[in-house]
Number of protein chains: 2
Amino acid sequence: MLSDHEKKTRFRDPKRTRKRLLQAAFREVHRSGFQGAGIDTILAATNVTKGALYHHFESKEALGYAIVEEIIAKLFQDRWLTPMLGDGQPINILIGIVRGLPSRPKDIRNSCPLLNLTQEMSPLDEQFRTRLEMLFLAWQKGVAALLRKGQSQGTVRRELNPDETASFLIAMVEGNASLAKVAQDAKVWEVGIRNIVGWLRSLRVPGNHRRG
Amino acid sequence: MLSDHEKKTRFRDPKRTRKRLLQAAFREVHRSGFQGAGIDTILAATNVTKGALYHHFESKEALGYAIVEEIIAKLFQDRWLTPMLGDGQPINILIGIVRGLPSRPKDIRNSCPLLNLTQEMSPLDEQFRTRLEMLFLAWQKGVAALLRKGQSQGTVRRELNPDETASFLIAMVEGNASLAKVAQDAKVWEVGIRNIVGWLRSLRVPGNHRRG
DNA sequence: CTTAACATACCGACCAGTTTGTACGTTAAA
DNA sequence: TTTAACGTACAAACTGGTCGGTATGTTAAG
């Protein structure tokens, strides 16, 4: 006799099917780009049929939007927003996040999923663009808030503009991902991260370097 | 009677045909990406037939490689390498180049062609990747050489590593292009450039700010 | 005359999306 | 409690169009 769990995984489980579809679609899009991603490839990776996919998503575009809103947003939440809520000196938190960014060969090859989709789709599809822009804005606002917190704590230089500095950091991180992607070399990535960390340190108020 | 020019444009002119094909292909690839670019679109833009195109390029890939080697390499030469050969303080030259980067809405929408192709194709096609990597390396080496020149002139800080700093600058420039691309806002671009320029200034040796 | 530089018609593969059918699950009336 | 009705969640075969590429013919150039 089958347990309840076995029944659920062996037979219909729409929530799970949808999630598996999204995950596989995310991986395929991350590898091949949205235009290059094949529905059949996603289907083959999940052993789900076309009828099921189009039951859950009304088009390839809708699937793409869901990837941004559900998968990428969550990745970004886990890697940036949540760590930024912790305590500790803002600059130290940022250094920790940047150093902890995924740097396996696979990650370097494919680079940041947010960046990939932005490059490919934002000039082609306004629906994509607005969704991607929202993530970037949340990212920027999060970093800016953290910098402001540091300013009021007296650990971050007062003269810098938090919004602009946050934006600048994001540009560095994404640019570094691009360079490492062409080079396909972890060394390039690491050197870039070291330079970003060095720059982050320069944001601290002098004399406060060795605290926390 | 027809002038020499009319004869050349009205009848066969393989060099010109090839060049027009390349230019149109570049524009189309810049807009839609390599995978998204349609051969028929390129043909329509040039009033050239498929037979002519496949006479000059043996495949879509070969056309893509030629775009990198001929069009993008030249753009990059004109915008970076040549200006960097001029005289003047290295940092000032770099600031001038960065400020002079194209910032029309169209350029911001489509971003840097080198970055676009890198993001899309370097994980998918090794032939593309190596060609793109060569351009990035030439870029980096050029900037590094300029920084070294500044160091020997005493206008650039001695403690910085020219290769790493060059790479870092490139990452900033490309990252900034990405941010402006999602935002589709010239303001975002300009703020980023201002921050890059500020960072470039910080590379000068103190006390030498107001020379040249 | 030979060859390079085209032009035109066509092919086959691919691929997003549709159609049609089926089995499971839920609900509610009897 | 049974069962009939109905909606959800799939399965599988098919379609219409697109797109890269080719085969073959034609014309200009040397």
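**Note on a predicted protein–DNA model**

1. Of the 19 residues around DNA strand D, those that come nearest are Thr49(A), His55(A), Arg12(B), Tyr54(B) and Lys60(B). Sugar and phosphate make up 62% of the strand D atoms that come within 4 Å of the protein. Please keep in mind that this is a predicted model.

2. Some contacts with the phosphates can be named one by one. In the side chain of His55(A), an N or O atom is 2.8 Å from a phosphate oxygen of DNA strand D. Chain B reaches phosphate oxygens of this strand through its backbone: a polar backbone atom of Ile39(B) is 3.0 Å from one, and a backbone N or O atom of Lys60(B) lies 2.9 Å from one.

3. Which helices supply the surface near DNA strand D? At least two residues each come from helix H2 (14–32) and helix H4 (50–56) of chain A, and from helix H4 (50–56) and helix H5 (60–85) of chain B. H4(A) gives the most, with four residues. Sorted by class, the surface near strand D holds six charged, seven polar and six nonpolar residues.

4. Turning to the fold, chain A has eleven helices and zero strands. Its pattern along the sequence is accordingly written α-α-α-α-α-α-α-α-α-α-α. The C-alpha trace of chain A spans about 65 × 40 × 30 Å along its principal axes.

5. Helix H9 of chain A, residues 126–153, allows a simple check of length. At 1.5 Å a residue, its 28 residues should span 40 Å, and because the end C-alpha atoms are 40 Å apart, the expected and modelled spans agree. At the N-terminal end, Asp125(A) caps H9(A), with a side-chain oxygen 2.8 Å from the backbone nitrogen of Gln127(A). Just after H9(A) comes Gly154(A), which takes a positive phi of about 85°.

6. How are the two protein chains placed relative to each other? A turn of 180°, with a shift of 0.0 Å along the axis, lays chain B on chain A with an RMSD of 0.0 Å. The two copies are therefore related as by a two-fold rotation axis. In chain B, Gly175(B) has the C-alpha nearest this axis, 1.9 Å from it. Both copies use the same surface, since 100% of the contact residues of chain B recur in chain A.

7. The contact between the chains takes 39 residues from chain A and 39 residues from chain B. The size of an interface is often given as the accessible area lost when the parts come together. Between chain B and chain A the buried area is about 3200 Å², and carbon and sulfur atoms give 59% of it. Three residues, Gln119(B), Phe168(B) and Val182(B), supply 21% of the area that chain B buries against chain A, more than any other three residues.

Key:
Residues are numbered from 1 along each chain as its sequence is written. Chains are lettered from A and ligands numbered from 1 in the order in which they are written. This is a predicted model: local features need pLDDT of at least 70, side-chain atom pairs count only at pLDDT 80 or more; totals for chains, interfaces and linings use all residues. Side-chain values use heavy atoms; hydrogens and water are left out. A residue is near a molecule or strand if one of its heavy atoms lies within 4 Å of it. A polar contact is a pair of N or O atoms within 3.5 Å; within protein, one must be able to donate a hydrogen and the other to accept it, and residues adjacent in sequence count only if both atoms are side-chain atoms. Ala, Val, Leu, Ile, Met, Phe, Trp, Tyr, Cys and Pro count as nonpolar, Asp, Glu, Lys and Arg as charged, and the others, Gly among them, as polar. Copies are superposed by least squares on the C-alpha atoms of residues with pLDDT of at least 70 in both. Contact means heavy atoms within 4.5 Å. The expected span of a helix is 1.5 Å times one less than its number of residues. Buried area is the accessible area (1.4 Å probe) that two parts lose on being put together, summed over both.
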